[in-house]
Amino acid sequence: CISVSAMAQDAAKPKPSPAAVATGVINKATITINYGSPAVKGRTIWGGLEKYDVVWRAGANDATTFETDKDIKVEGKMLPAGKYSFFLIPKESGTWTAIFNKEPKQWGAYKYEEAKDQLRVDVKTKALSETQERLVYKINKSNFTLEWDKISVPVAVK
C-alpha cells in the first residue's frame, strides 16, 4: 500500500517537461503538434543542452509529432497528409534544418534514421526579444513556430 500511495503522490508532481499540444488550421489543413515542453531553468540551451549540428527531437521526451490531415507545402516543398516525427538540426549560424520523418513513434532522436525522412527543409531562425522560458509551438495562418529560450523557428506552410 505504501508503494501505491508513493506512486500516487509522484504522479501528482508536475513533470519537468509536460506534454503539450498545438493545433490549428493552415489553408484548410488541420495541423496538430504533440511535444514535450522543457524549461530553460537558467541553462545554456543552444550549443549547450542542445548541441549544434546534431538531430534534435524539437521538444522533450518522445519525439515531437507533426500531423496534417491534408497534403501541404512546407517551405515550398510537398508534404503528404500523415503523421510524422519532427526534428530540427540547430546551427550556430545560418539556416537550421527541419525534418519530417515517417516514423512518428520514437523516444527522442536516439533511433532516428535519415533514410525514413519524408522531407527536409532549411529554415531561418529569428531572435526573440525576451526569453521564452518554456518551449512552445504556435500555429499561425501561414506557418508554425517553435519558440524557446531566445530563438524562434518559423516554418512556412501553404
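Leaving aside neighbours within four places in sequence, with which residues is Ala63 in contact? In this predicted model, the partners of Ala63 are Asn34, Arg57, Ser85, Phe87, Gln106, Trp107 and Gly108. Ala63 itself sits in the loop between β2 and β3 (64-68). Its relative accessibility is 4%, so Ala63 counts as buried, the cut-off being under 20%. A further distance places Ala63 relative to Ala115. The two residues are 52 residues apart along the chain, and 17 Å separates their C-alpha atoms.

Ala63 also takes part in a pocket. The largest pocket has a volume of about 270 Å³. Its lining comprises 16 residues. Nearest the pocket centre lie Asn34, Tyr35, Asp62, Ala63 and Thr65. Of these, Asn34 is also a contact partner of Ala63. Strand β2 (residues 29-36) provides the largest share of the lining, with three residues. Sorted by class, the lining holds six nonpolar, six polar and four charged residues.

The second largest pocket has a volume of about 170 Å³. Its lining consists of Leu49, Glu50, Lys51, Val54, Val55, Trp56, Arg57, Gly108, Ala109 and Tyr110. By class, six of these residues are nonpolar, one is polar and three are charged. Two of the lining residues, Arg57 and Gly108, recur among the contacts of Ala63.

The nonpolar interior was examined next. The largest nonpolar core contains 35 residues. Within this core, Phe86, Tyr137 and Phe144 touch the most other members. Many strands contribute. At least two core residues come from each of β1 (19-26), β2, β4 (72-74), β6 (82-89), β7 (96-101), β8 (117-123), β9 (126-139) and β10 (143-156). Strand β10 supplies the largest share, six residues.

Phe144 illustrates the packing in this core. Neighbours within four places in sequence set aside, Phe144 is in contact with Ile33, Phe66, Phe86, Phe100, Tyr137, Lys138, Ile139, Val153, Pro154, Val155 and Val157. Phe86 and Tyr137 thus appear in the contact list of Phe144, and these two residues also belong with Phe144 to the trio that touches the most other core members.

A second core is separate and has five residues. Ala63, Phe87, Ile89 and Tyr112 are among them. Ala63 and Phe87 are in contact. Ala63 therefore combines three roles in this description: a buried residue by its 4% relative accessibility, a member of the second core, and one of the lining residues nearest the centre of the largest pocket.

Key: Residues are numbered from 1 along each chain as its sequence is written. This is a predicted model: local features need pLDDT of at least 70, side-chain atom pairs count only at pLDDT 80 or more; totals for chains, interfaces and linings use all residues. Side-chain values use heavy atoms; hydrogens and water are left out. On a 1 Å grid over the protein atoms alone, a cavity is a set of points where a 1.4 Å probe fits but cannot get out, and a pocket is an open set with protein on both sides within 12 Å along at least five of seven lines; lining residues have an atom within 4 Å of a point. Grid points are joined across faces, edges and corners, and a volume is the space filled by probe spheres set on the points. Helices (H or I, at least four residues) and strands (E, at least two) are DSSP runs, numbered from the N terminus. Ala, Val, Leu, Ile, Met, Phe, Trp, Tyr, Cys and Pro count as nonpolar, Asp, Glu, Lys and Arg as charged, and the others, Gly among them, as polar. A nonpolar core is a set of buried Ala, Val, Leu, Ile, Met, Phe, Trp, Tyr and Cys residues joined through side-chain atoms within 4.5 Å. Buried means under 20% relative accessible area, exposed over 50%, partly exposed in between (1.4 Å probe, protein chains only). Contact means heavy atoms within 4.5 Å.
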